[in-house]
Amino acid sequence: MSNRIPAGPVLGAAVAAMLTAGGAGALEIKSSDVHAMGYPTTEAIAYMGDLLNERSGGKYSIKIFHSMQLGGEKEALEQVQLGALEMTRVSVGVVGPIVDDFNAFNLPYVFRSIEHMHNVVDGEIGQELLARLEVGGLIGLGYMDAGARSFYNKIKPIREPADLQGLKIRVMQNPIFVEMMSGMGGTGIPIAFNELYTAMQTGVVDGAENNPPSYSTQKHFEVAGYYSLTEHLIVPEIFVFSKKVWDTLPPEDQQMIREAAKEATKKERELWAAMEQKAMAELQGLGVQINADVDKPAFIAATAPVREKFGEKYKDLIVRIEAVEG
């Protein structure tokens, strides 16, 4: 079975233009991201580029193709596998077809906290999974934060699973998340993210779930003013390098890139934490009712059947994750 992500739309001239070398002996690392500049992930990669440029004496630099200039995450990942693009930042869901165990990170409450997630991905488990990406033509460089996802709606605060009874909540288009909502007592409705504001406004759904920056920047608080910190999903993101290109680099340069990637990871997490703090302050100033009085043990218990059903094939991995401190 092929480990290649299924082919996406032909990128044509955009990819062809990227293949021009930056100069004799130099490498301009092309990196893709669906987010705009100013977002923690793109700013961290820019920081990595500055580090590499300085430490290599100008031999290496990074050019960021942001805001979906090269298509979505699947399309960018395929280009990295082919070697037409050196690097990209994607959600772990996109690499699931290559290393299935990454799907365990999508289970509700598989991580107890952001600190626990960091300890898992920075430790033995996370590094093992990154190494296994090589079978798919990828070099895993590190994990980035995307925050914790919590519920927001236009009717009431959510303190325990019973509060979700009768509510229609938009979820990502994944069977795990639909059943997660059923387990908690609500009704999960998959809707495209760009249609969500109108769906809440018109009553197609009563609310959704996401991290504070997404809730704030998309102005969803305008139509759903209750935000409850259930933190039921903590899903990291990763950035990867093309193995085809990587194998052409000297070992000392590979190490230099890994060291810069490690510092970029730290920078992204700092930027993300600041962005979340700013978003929460803005939401409070706008009168959003933020509810931190959440019975997390009740939510963890309610979603246990989901972890058991979808996590059966990741059972050993989940036991290891649970054993990590944090």
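Start at G83, just after helix α3, where phi is positive at about 90 degrees. You are looking at a predicted model.

**Helix α3**

Now select α3 itself, residues 73-82. How many of the 10 residues of α3 are buried? Eight are, so the rest of the structure largely encloses this helix. Color the buried ones: E73, E75, A76, L77, E78, Q79, V80 and Q81.

**From the loop after α3 to strand β1**

Move along to E86. This residue sits in the loop between α3 and β3, and β3 covers residues 87-91. Now add K30, in strand β1, residues 27-32. K30 and E86 form a salt bridge, and their closest N and O atoms are 3.1 Å apart. The pair ties together distant parts of the chain, with the two positions 56 residues apart in sequence. Are these two partners buried or exposed? K30 has 4% relative accessibility, so it counts as buried. E86 is buried too, because its relative accessible area is 5%.

**More salt bridges**

The whole structure holds 18 salt bridges. Select K243 and D247 for another one. Their side chains meet at 2.8 Å, N to O. Here the setting is more open to view. K243 is partly exposed, with a relative accessible area of 22%. D247 is partly exposed as well, at 49%.

Next, pick K315 and E312. Their salt bridge brings the closest N and O atoms to 3.2 Å. K315 counts as partly exposed at 44% relative accessibility. E312 is also partly exposed, with a relative accessible area of 45%. Then select D33, E73, R89 and E237 together: salt bridges with shared partners join these residues into one network. You have met E73 already, among the buried residues of α3.

**Two helices that cross**

Clear the view and show helix α2, residues 40-55, with helix α11, residues 251-285. Their axes come within 8 Å of each other and cross at roughly 145 degrees. Which hand does the crossing of α2 and α11 have? It is right-handed.

Turn on side chains along the contact. From α2, show P40, T41, E43, A44, Y47, M48, L51, L52 and R55. From α11, show M256, I257, E259, A260, A261, E263, A264, K267, E268, L271, W272 and M275. Color this contact by type and you get 14 nonpolar residues, one polar and six charged. As you look along either helix, keep the helical repeat in mind. An α-helix has 3.6 residues a turn, so residues three or four places apart point the same way.

Zoom in on M256, in α11. At 13% relative accessibility, M256 counts as buried. Leaving aside residues up to four places away in sequence, M256 touches L52, R55, S56 and Y60. Draw a distance from M256 to L51: the C-alpha atoms are 9.4 Å apart, while 205 residues separate the two in sequence.

**Helix α9 and the loop after it**

Go to S216, in helix α9. S216 counts as buried, at 7% relative accessibility. Which residues does S216 touch, not counting those up to four places away in sequence? They are F221, A279, E282 and L283.

Step on to K219, in the loop between α9, residues 212-217, and β9, residues 226-234. Check the backbone here. Phi of K219 is near 60 degrees, a positive value in a residue other than glycine. K219 is partly exposed, with a relative accessible area of 42%.

**Another positive phi**

Jump to Y109, in the loop between α4, residues 92-95, and α5, residues 114-122. Y109 is not a glycine, and its phi is positive, near 60 degrees. Is Y109 buried or exposed? Its relative accessibility is 11%, so Y109 counts as buried.

**Last stop: confidence**

Finish by coloring the chain by pLDDT. The average is 92, and 93% of the residues score at least 70. Then select residues 6-24. Here pLDDT stays under 50. For this stretch the model has 16 contacts beyond four places in sequence.

Methods. Residues numbered from 1 in each chain as written. Predicted model: local features only at pLDDT ≥ 70, side-chain atom pairs only at ≥ 80, totals over all residues. Heavy atoms only, no water. Axes fitted to C-alpha atoms, helices over the stretch in contact; angles between N-to-C directions. Helix = DSSP H or I, 4+ residues; strand = E, 2+ residues; numbered from the N terminus. Left-handed = near helix turned anticlockwise from the far one by under 90°. Contact = heavy atoms within 4.5 Å. Nonpolar A, V, L, I, M, F, W, Y, C, P; charged D, E, K, R; others polar. Salt bridge = Lys/Arg side-chain N within 4 Å of Asp/Glu carboxyl O. Buried < 20%, exposed > 50% of the residue type's maximum accessible area, 1.4 Å probe, protein only. pLDDT = per-residue confidence, 0-100.
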